[in-house]
Amino acid sequence: MSQILAILWKDIRAELRTKDIFISMFVFILLTLITFNFAFSGEKLQYEVVAGAMWVSYLFAAVLGLSRSLVHEKDKGCLEGLLLCPMERSVIYFGKALGNFLFLLIVQVLSLPFFSVFFTQAELLKRPLYLFISFILGSAGISAVGTLFSAITVNTKARELLLPVLLFPILLPVLIGAVKLTLFVLDPQPIYEPLKWMQLLLIYDIIFVLFSNLTFHYVVEE
Amino acid sequence: MMEKILRFSVLVLVPFSLYLAFFYAPVEKTMGIVQKIFYFHVPGAWVASLAFLIVFIASILFLKTTDFKYDIIARASAEIGVVFCTLTLLTGPIWGKFAWGAWWDWGEPKLVTFLVLWLMYLGYLLLHRSVQEDLRRAKYAAVYGIAAFLDVPIVFLSVLWYRTVHPPLVIVERGGLDAKMKVAFFVSLFTFTLLYFIFFQQVRSTIELRERIKEIKSKLEG
């Protein structure tokens, strides 16, 4: 556990010094938000569109952060250093995944005021608990699979290009579940059953955390 | 010998099942001639599923044994699976246009799952192309092949729940199939399955030859 936290702490410290992942993710989310607003020009956006816009921007921002987090390790030879440390491979996996999860979560929370300012009709904080649950369960799924896949794509020719191609189809259940949960928060007369979607996300998260943890050492070892 | 028998039986069975589908089986009353798609759409979907199941099993075996035999099996099977998946996706909307009056229905879990499957295994083939080193490539593809297959039931479930507000779709009873239709259908199913094995042999030996050429080339270059 302390080893996992050590890796997490290393990532946080590196990020606090450069802030490049964080800033690019955040700016990207803002840009997506603005683009969405103009793309559906002048229309009073429906709840469905707002929830969709939120998760589309989170998903793409996550891909940015995920690929960066391993490119750094790879290019500076840090991954070899980590692999040489006397610890389980799953410790590295959990450390990296936890870092990705945390960054995504922070960016999501920070972007909330902007979503509620720009999409004026959406009351985002009416059911804060459910919104927060959707963030946690959604981001957990994204970073569980994303960390594994970015460890794969970092060694391919196309790198950042291949990551979304591999990731998005696998993440479809997360997207559907998270959007449905967010819709439950936004809609004044919710007809969606939040519990069902929470279960779906939870099952997905458990399956893919276990799977990624089991297969991570095949991916990083030479 | 085995392969010759296989080839010969397919040579006979393909025209035979075409004859059964188009002439022997009666034209369906409500759907008319469009119903003939049934004899190709369903077997195509079956072969695609079988192919992806084999990718899954071969991927697990590869990670366990690191025997490249399984990698080649998985790759060959994925290629054929994508072809039959394409066939299913092309015939499905034609059927849908006549049965539901629309080319596509995002609430139909089978349809959407097949689209996601198609995207996943295209990604799988792309991944194979974008890694140079053999062991890495095979490992990555195996991990992805397992992840994709694990994801399928969750994708299906999430699309099934996607339209919670709508009443459940009335599923057309298949029990009312005419006896002649049944014959044509099962013969077609059998033919498609044999076709899979023939293609599989072919693709596998092509990949094996390609690998040998690569080996010889690298030896020549020293």
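**Cavity lining, chain B and selected residues**

In this predicted model, the largest cavity is lined by A:Ile21, A:Met25, A:Ala62, A:Gly65, A:Leu66, A:Ser69, A:Asn100, A:Phe103, A:Leu104, A:Ile142 and A:Ser143. The volume of this cavity is about 80 Å³, and a search of the whole structure finds three cavities of 30 Å³ or more. Four helices of chain A each supply at least two residues of the lining: H2 (20-39), H3 (47-75), H5 (89-118) and H6 (128-153). Of these, H3(A) gives the most, with four residues. Sorted by class, the lining holds seven nonpolar and four polar residues, with no charged residues. Glycine is counted here as polar, so A:Gly65 falls in the polar class.

The helix that gives the most to this lining, H3(A), can also be followed along its length. H3(A) has 29 residues, and its first and last C-alpha atoms lie 42 Å apart, close to the 42 Å expected at 1.5 Å a residue. After H3(A) comes A:Gly77, with a positive phi near 75°.

Chain B can be described as a whole before turning to its single residues. Its secondary structure comes to six helices and zero strands, giving the pattern α-α-α-α-α-α when read along the sequence. The C-alpha trace of chain B spans about 70 × 50 × 25 Å along its principal axes. Chain B has 222 residues, of which 47% count as buried. About 12,100 Å² of chain B is exposed, and 70% of that area is supplied by carbon and sulfur atoms. Among contacts in chain B between residues at least 6 apart in sequence, 78% join residues at least 24 apart.

Helix H6 of chain B covers residues 179-221, and its end C-alpha atoms are 63 Å apart. This agrees with the expected span, because 43 residues at 1.5 Å a residue should span 63 Å. Just after H6(B), B:Gly222 takes a positive phi of about 75°.

Two residues other than glycine also deserve a look for their backbone angles. Most residues other than glycine have a negative phi. A:Lys19, however, has a positive phi, near 60°. A:Lys19 sits in the loop between helix H1 (2-18) and H2 of chain A. The relative accessible area of A:Lys19 is 41%, so A:Lys19 counts as partly exposed. In chain B, the phi of B:Thr66 is likewise positive, near 55°, and B:Thr66 lies in the loop between helix H2 (38-65) and helix H3 (68-99). With a relative accessibility of 39%, B:Thr66 is partly exposed too.

Helix H3 of chain B also holds B:Gly96. This glycine is buried, because its relative accessible area of 0% is under the 20% limit. Leaving aside residues up to four places away in sequence, B:Gly96 touches B:Gly101 and B:Ala102. B:Val34 is 62 residues from B:Gly96 along the chain, and the C-alpha atoms of the two are separated by 9.9 Å.

A:Phe208, in helix H8 (residues 194-220) of chain A, is another buried residue, with a relative accessible area of 1%. Its contacts, not counting residues up to four places away in sequence, involve both chains. In chain A, A:Phe208 touches A:Tyr93, A:Ala144, A:Val145 and A:Ile170. In chain B, the residues touched by A:Phe208 are B:Ala147, B:Leu150, B:Asp151 and B:Ile154. By contrast with these contacts, A:Arg127 is 81 residues from A:Phe208 in sequence and 28 Å from it in space, C-alpha to C-alpha.

Burial is also seen in a loop, in the case of A:Met87, which lies between helix H4 (78-84) and H5 of chain A. The relative accessibility of A:Met87 is 16%, and A:Met87 counts as buried because this value is under 20%. The residues touched by A:Met87, not counting those up to four places away in sequence, are A:Gln3, A:Ile7, A:Leu82 and A:Ile92. From A:Met87 to A:Lys157 the separation is 70 residues in sequence and 29 Å in space, C-alpha to C-alpha.

Terms used:
Residues numbered from 1 in each chain as written. Chains lettered and ligands numbered in written order. Predicted model: local features only at pLDDT ≥ 70, side-chain atom pairs only at ≥ 80, totals over all residues. Heavy atoms only, no water. 1 Å grid on protein atoms, 1.4 Å probe; cavity = no way out; pocket = protein on both sides within 12 Å on 5 of 7 lines; lining within 4 Å. Points joined across faces, edges and corners; volume = space filled by probe spheres on them. Buried < 20%, exposed > 50% of the residue type's maximum accessible area, 1.4 Å probe, protein only. Contact = heavy atoms within 4.5 Å. Areas by Shrake-Rupley, 256 points an atom, 1.4 Å probe, with all protein chains shown as cover. Expected span 1.5 Å × (residues − 1).
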